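Work through the following exercises with the sequence and the structure in view, and try each task yourself before you read its solution.

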Amino acid sequence: MNMQVTSLAIDKARAWIARPKRMMIDGRWVEAENGGNFDTLDPSDGSVLCSVPRGTEADIDRAVAAARKAFEGPWRKITPAQRAAMMWRLAELMDLHREELAILETLDNGKPLRVSLGMDVPFAAERLRYNAGWATKINGETPPMSLPGEWLGYTVREPVGVVGHIVAWNAPIASAVGKLAPSLAAGCTMVLKPAEQTPLTALRLGELIEEAGFPAGVVNIVTGFGEDAGAAIAAHRDVDKISFTGSTEVGKIIVRAAADNLKRLTLELGGKSPVIVMPDADLDKAIPGVANGIFFNSGQVCTAGSRLFAHASVFDDLVKGVAERARTLKVGAGLDPATEIGPLVSDVQQDRVAGYIRSGLSDGAEAIVGGRTVDRPGYFVEPTILGRTRRDMAVRREEIFGPVLCAVSFDDTTLDALAAEANDTSYGLAANVFTSNLSAAHKLASRIRAGTIKINGGGLDQGLPAGGFKQSGWGREYGREGVEIYTEIKSVLVSL
């Protein structure tokens with residue numbers, strides 16, 4: 001796939017950005033009820049891209065009412081096959097506008113265009129196609145009955161109702177579509193609140209949803225801040241379920257807000273994922289795997305492999321190879337075709353990551369490579385490897401969400417002890433193991449408490465559920481489980 005775009009495509013995207021922005025509520029494009037707006041910035045230089053409506057509780061009320069009306073009205077009359085056809089149409093429109101969506105994603109988020117164009121937008125479109133297949137396959141069961149007499153018992157799966165989607169800024173379009181697709185397949189209606197840092201692709205997606213023929217109110221998109229619009233969704237008494245991707249701290253706030261009407265919750269939260277490199281690992285795989293696992297998307301990935309445990313016999317060669325990769329990564333603006341690592345999403349995130357690095361260094365860690373912000377406009381931090389980190393250091397224990405790897409070595413030890421080291425965190429989202437010994441790999445996979453275990457590399461697959469143990473969240477996305485979380489099971493018992 002060609003990872004460059006034409007100047008015409010860039011001009012088209014910028015022309016769209018220059019148009020006045022509105023929110024999509026009940027099939028109409030509207031301003032915030034109070035007339036408020038906020039700026040969204042280009043992280044590569046801090047410049048203002050455009051202003052978008054700042055939705056508040058009043059706008060969430062309108063959007064939830066529209067979603068409820070659609071759920072109880074026209075959307076219920078749409079057959080599963082018709083839902084699937086609409087989803088396929090939306091995927092086709094995303095393909096047709098792939099370059100424009102990728103440019104908007106890169107300008108608003110900062111990630112390299114090669115990632116937006118080659119991964120995020122195609123992955124999102126494929127997410128629609130995968131889940132469209134589930135729309136016609138959501139079914140119940142007919143278990144045998146043990147009651148005296150003759151009975152027919154069966155179950156059905158019904159859509160949970162109105163869903164509030166609150167998505168993250170690190171992969172805006174993939175995160176938004178990743179939530180919309182399974183909930184559409186299940187027959188739900190929804191209110192989507194994109195992250196305030198990255199609202200643009202969600203608004204453009206709304207236009208494509210309209211073009212694909214979805215009835216008014218099925219998808220409503222409200223831009224705004226978490227403390228305003230996000231909090232209103234979480235607390236709204238007519239929202240049946242929340243699906244949230246973001247930090248563990250905000251996830252806990254949502255849990256408390258959702259308690260009032262016992263909303264169903266799916267929470268994909270933080271991580272501090274271990275990477276274990278055994279003495280028999282293939283370093284030709286491990287070195288790029290470790291580097292990509294922490295430097296991809298500037299480390300702004302929930303599953304980023306941020307804690308490296310490498311056997312002493314391979315530690316020096318491994319870290320040398322990863323450090324060399326860090327030094328040679330082309331840092332720059334996302335639209336530059338040569339860029340391999342872009343800026344962090346905001347000045348707030350840059351300050352957060354730089355603060356963690358300073359904290360680690362002051363606590364005695366060693367900067368093997370990197371360790372500084374980049375002296376240029378925008379929100380850049382050097383790809384960083386920290387050595388000599390200890391368990392009590394914040395950089396080793398807390399999620400940084402930046403391109404910062406904590407590297408430690410281990411000597412010959414038991415797999416139980418190694419797994420205990422990997423599990424020494426409040427998180428449990430993912431883990432990575434590099435080894436040629438499949439027995440050791442499977443034993444470690446059984447001992448590590450994390451939702452996804454990757455052995456010798458790999459990424460996300462549509463068919464495998466993903467989610468976290470411990471404080472990395474509740475529930476699973478992707479696969480069958482990712483659709484069924486948007487359903488309720490109803491049992492029917494019939495006397496014959």
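**Exercise 1.** In this predicted model, decide for each face of β14 whether it is covered or not.

*Solution.* Begin with the general rule that in a regular strand the side chains alternate between the two faces of the sheet. Next, sort the residues of β14 by side, which puts Thr384 and Leu386 on one side, and Ile385 and Gly387 on the other. Finally, apply the cut-off, by which a residue is buried if its relative accessible area is under 20%. These four residues are all buried, so both faces of β14 are covered.

**Exercise 2.** Find the strands that pair with β14, and state the sense of each pairing.

*Solution.* Recall first that strands of a sheet pair through backbone hydrogen bonds, either parallel or antiparallel. On turning to β13, you find 3 bridges that join this strand to β14 (residues 384-387), and the two run antiparallel; here Val369 has Ile385 of β14 as its bridge partner. With β15, in contrast, β14 pairs in the parallel sense, again over 3 bridges, and Leu386 stands opposite Cys406 of β15.

**Exercise 3.** Place β14 in the whole sheet, and name a helix that lies across this strand.

*Solution.* Write down the order of the open sheet, whose 7 strands follow one another as β13-β14-β15-β12-β11-β16-β17 with mixed pairing. The edge strands, each pairing on one side only, are β13 (366-369) and β17 (452-455). From one strand to the next, the twist averages 25°. Then look for the helix: α11 (residues 312-328) lies across β14, as well as β11, β12, β13 and β15, and runs at about 145° to β12.

Conventions: Residues numbered from 1 in each chain as written. Predicted model: local features only at pLDDT ≥ 70, side-chain atom pairs only at ≥ 80, totals over all residues. Heavy atoms only, no water. Pairing = 2+ DSSP bridges. Axes fitted to C-alpha atoms, helices over the stretch in contact; angles between N-to-C directions. Contact = heavy atoms within 4.5 Å. Buried < 20%, exposed > 50% of the residue type's maximum accessible area, 1.4 Å probe, protein only.
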